[in-house]
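Welcome, and thanks for taking a look at this one with me. Here is a short note to read alongside the structure.

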Amino acid sequence: SADPVASSASTPVRQLQNQALAAINENQYAQASDYLQRAIKIQPRNGWSWYYLADIHWRQGQPERCRSMLDRAEAYTLDDARLAGANAELRAQCQ
């Protein structure tokens, strides 16, 4: 299962990310993507939202889009070691 959401997110963003994770776990990727797009509109520099989008693209067999979303996630990782590790792990799978 995916990582718990980083505490740096605002409350509405965290709620949307949690809804997205629940949807991902149900293989509802379009719904999850919608939640994450809404989260990104609120807080565009939240790396976890981009990471979860990358994860959706990986699950859907879209490695190029996965890497593109990871580029954004990595740009907004800041000092979050957990996110940095998650990004690196997913990037290895998206090659």
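The points below cover salt bridges and then a pair of packed helices.

1. A word before we start: this is a predicted model. Please keep that in mind as you go through the points that follow.

2. How many salt bridges does a search of the whole structure find? The search turns up 4. A good place to begin is helix α2, which covers residues 29–42 and holds both D34 and R38. The side chains of these two residues form a salt bridge, with 3.8 Å from N to O. D34 and R38 are 4 residues apart, which is about one turn of the helix.

3. Are D34 and R38 buried, exposed or something in between? D34 has a relative accessibility of 37%, so it counts as partly exposed. R38, at 41%, is also classed as partly exposed. Both values fall between the cut-offs of 20% for buried and 50% for exposed.

4. Next, have a look at R91. This residue forms a salt bridge with D71, and the closest N and O atoms are 2.7 Å apart. Here the pair links distant parts of the chain: D71 sits in helix α4 (residues 63–75) and R91 in helix α5 (residues 81–93), 20 residues apart. D71 is partly exposed, its relative accessible area being 45%.

5. Which other residue does R91 form a salt bridge with? The partner is E74, with 3.0 Å between the closest N and O atoms. Because R91 belongs to helix α5 and E74 to helix α4, this pair ties together parts that are 17 residues apart in sequence. E74 is partly exposed as well, with a relative accessible area of 34%. Taken together, D71, E74 and R91 are linked in a network of salt bridges.

6. Now for the helix packing. Two packed helices are described by the angle between their axes and the distance between the axes. For helix α1 (residues 11–25) and helix α3 (residues 47–59), the axes come within 11 Å and cross at roughly 15°. That angle is under 35 degrees, so α1 counts as roughly parallel to α3. The crossing of these two helices, α1 and α3, is left-handed.

7. Which residues make this contact? From α1 come V13, Q17, L21 and I24, while α3 brings W48, S49, Y52, D55, I56 and R59. Sorted by character, the residues of the contact of α1 with α3 comprise 6 nonpolar, 2 polar and 2 charged.

Note on methods. Residues numbered from 1 in each chain as written. Predicted model: local features only at pLDDT ≥ 70, side-chain atom pairs only at ≥ 80, totals over all residues. Heavy atoms only, no water. Buried < 20%, exposed > 50% of the residue type's maximum accessible area, 1.4 Å probe, protein only. Axes fitted to C-alpha atoms, helices over the stretch in contact; angles between N-to-C directions. Parallel < 35°, antiparallel > 145°, perpendicular 65-115°, else oblique. Left-handed = near helix turned anticlockwise from the far one by under 90°. Contact = heavy atoms within 4.5 Å. Nonpolar A, V, L, I, M, F, W, Y, C, P; charged D, E, K, R; others polar.
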